[in-house]
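Here are some worked exercises to try with the model open in your viewer. Have a go at each task before reading its solution.

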Amino acid sequence: MMETERILLRRWQESDASALFKYASDPEVGPRAGWPPHKSLEESLDVIKNIFTNETTWAIVLKETGEAIGTMGYFTHDTSNIPIGINDCEIGYWVARPYWNRGICTEALKLMLDYCINVKKFEDIWSDHFTGNPASGRVMQKCGFIDTGRLNRCSNLLGGDKDLVKIMKLAR
């Protein structure tokens with residue numbers, strides 16, 4: 001578990017399914033991150049069990065309410081959407097729409113960067129965002145990422161065969 005004054009990052013739990021469905025069913029959230037809105041509570045529970053239950057994915061939890069309001073995690077060379085080095089990682093995240101523009105993603109990303117640098121000892125840290133989602137890019141910039149000038153298609157993401165992602169790299 002990692003934490004700031006307002007949030008904590010912890011492993012997803014099956015009991016988070018209703019909160020995940022509440023926020024992941026919002027049609028404004030998933031497509032910005034490359035996945036379709038959730039259609040049922042059962043789908044959200046399945047995502048927790050089969051996608052989020054691993055060593056690289058955390059729930060972003062608002063301490064004030066104890067509710068999971070987003071996801072933060074990283075992908076390794078083998079699972080990344082973009083070409084990265086064998087000792088690198090790609091960080092990905094999303095947060096529920098009621099919490100946009102409140103600095104929560106920035107706080108969560110800083111926690112994840114600290115973990116990836118000081119615990120996992122990754123060499124280079126990457127991230128990317130759809131060109132149509134510049135707010136995500138601003139979060140990355142606030143945390144020290146720079147635009148590589150590279151664009152990529154990510155066919156495994158919803159909309160990834162037509163919309164390009166902008167590849168960012170942590171400046172170190």
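**Exercise 1. R6 and its surroundings**

Does R6 count as buried, partly exposed or exposed, and at what relative accessibility? This is a predicted model, so keep that in mind throughout.

*Solution.*
- Start with the place: R6 sits in the loop between β1 (2-3) and β2.
- Next, the accessibility: R6 comes out at 31%, so it counts as partly exposed. The partly exposed class lies between the cut-offs of 20% and 50%.
- Now list the partners. Not counting residues up to four places away in sequence, R6 touches V61, L62, K63, R102, G103, I104 and E107.
- Finally, a distance check: R6 and A108 are 102 residues apart along the chain, yet their C-alpha atoms are separated by 9.8 Å.

**Exercise 2. Helix α4 and the core**

Work out how α4 is built, how much of it is buried, and what it gives to the largest nonpolar core.

*Solution.*
- Take the geometry first. Helix α4 covers residues 104-118, which makes 15 residues. From first C-alpha to last it reaches 21 Å, close to the 21 Å expected at 1.5 Å a residue.
- Then count burial: 11 of the 15 residues of α4 are buried, so the helix is largely enclosed by the rest of the structure.
- Put names to them: I104, C105, T106, E107, A108, L109, L111, M112, L113, Y115 and C116.
- Turn to the core. The largest nonpolar core has 47 residues, and I91, L109 and M112 touch the most other members. Helix α4 gives the most to this core, with nine residues.
- Zoom in on I91. Leaving aside neighbours within four places in sequence, I91 is in contact with M72, G73, Y74, L109, M112, L113, C116, I125, W126 and S127.
- As general background, nonpolar side chains tend to be buried together in soluble globular proteins.

**Exercise 3. How α1 packs on α3**

Find the angle and axis distance for α1 and α3, then classify the pair and describe the contact.

*Solution.*
- Read off the two numbers: helix α1 (residues 17-24) and helix α3 (residues 41-52) pack at about 110°, with axes 8 Å apart.
- Classify: α1 and α3 are therefore roughly perpendicular to each other. The window for that label is 65 to 115 degrees.
- Name the contact residues: α1 supplies A17, S18, L20 and F21, while α3 supplies L41, S44, L45, V47, I48 and F52.
- Sort them by class: eight are nonpolar, two are polar and none are charged.
- Look closer at L20, which belongs to helix α1. At 2% relative accessibility, L20 counts as buried.
- L20 and L45 are 25 residues apart in sequence, and their C-alpha atoms are 8.2 Å apart in space.
- Beyond four places in sequence, the contacts of L20 are W12, S25, H38, S44, V47, I48, F52 and W94.

**Exercise 4. A loop residue just before α1**

Where is D16, is it buried or exposed, and which residues is it in contact with?

*Solution.*
- The place of D16 is the loop between β2 (7-10) and α1.
- Its relative accessibility is 5%, so D16 counts as buried.
- Leaving aside neighbours within four places in sequence, D16 is in contact with R10, R11, I48 and A68.

**Exercise 5. Positive phi outside glycine**

Check phi for N101 and K121, then say where each sits and how exposed each one is.

*Solution.*
- N101 has phi near 60°, a positive value in a residue other than glycine. Its loop runs between β5 (89-95) and α4. With 76% relative accessibility, N101 counts as exposed.
- K121 also has phi near 60°, positive without being a glycine. K121 is in the loop between α4 and β6 (125-130). With 58% relative accessibility, K121 counts as exposed.

**Exercise 6. Two loop residues and their distances**

Place G85 and T53, and give a C-alpha distance for each.

*Solution.*
- G85 lies in the loop between β4 (67-76) and β5. At 28% relative accessibility, G85 counts as partly exposed. Its C-alpha and that of V47 are separated by 28 Å, with the two residues 38 apart along the chain.
- T53 is in the loop between α3 and β3 (57-62). At 52% relative accessibility, T53 counts as exposed. T53 and A33 are 20 residues apart in sequence and 19 Å apart in space, C-alpha to C-alpha.

Note on methods. Residues numbered from 1 in each chain as written. Predicted model: local features only at pLDDT ≥ 70, side-chain atom pairs only at ≥ 80, totals over all residues. Heavy atoms only, no water. Helix = DSSP H or I, 4+ residues; strand = E, 2+ residues; numbered from the N terminus. Expected span 1.5 Å × (residues − 1). Buried < 20%, exposed > 50% of the residue type's maximum accessible area, 1.4 Å probe, protein only. Core = buried A, V, L, I, M, F, W, Y, C linked by side-chain atoms within 4.5 Å. Contact = heavy atoms within 4.5 Å. Axes fitted to C-alpha atoms, helices over the stretch in contact; angles between N-to-C directions. Parallel < 35°, antiparallel > 145°, perpendicular 65-115°, else oblique. Nonpolar A, V, L, I, M, F, W, Y, C, P; charged D, E, K, R; others polar.
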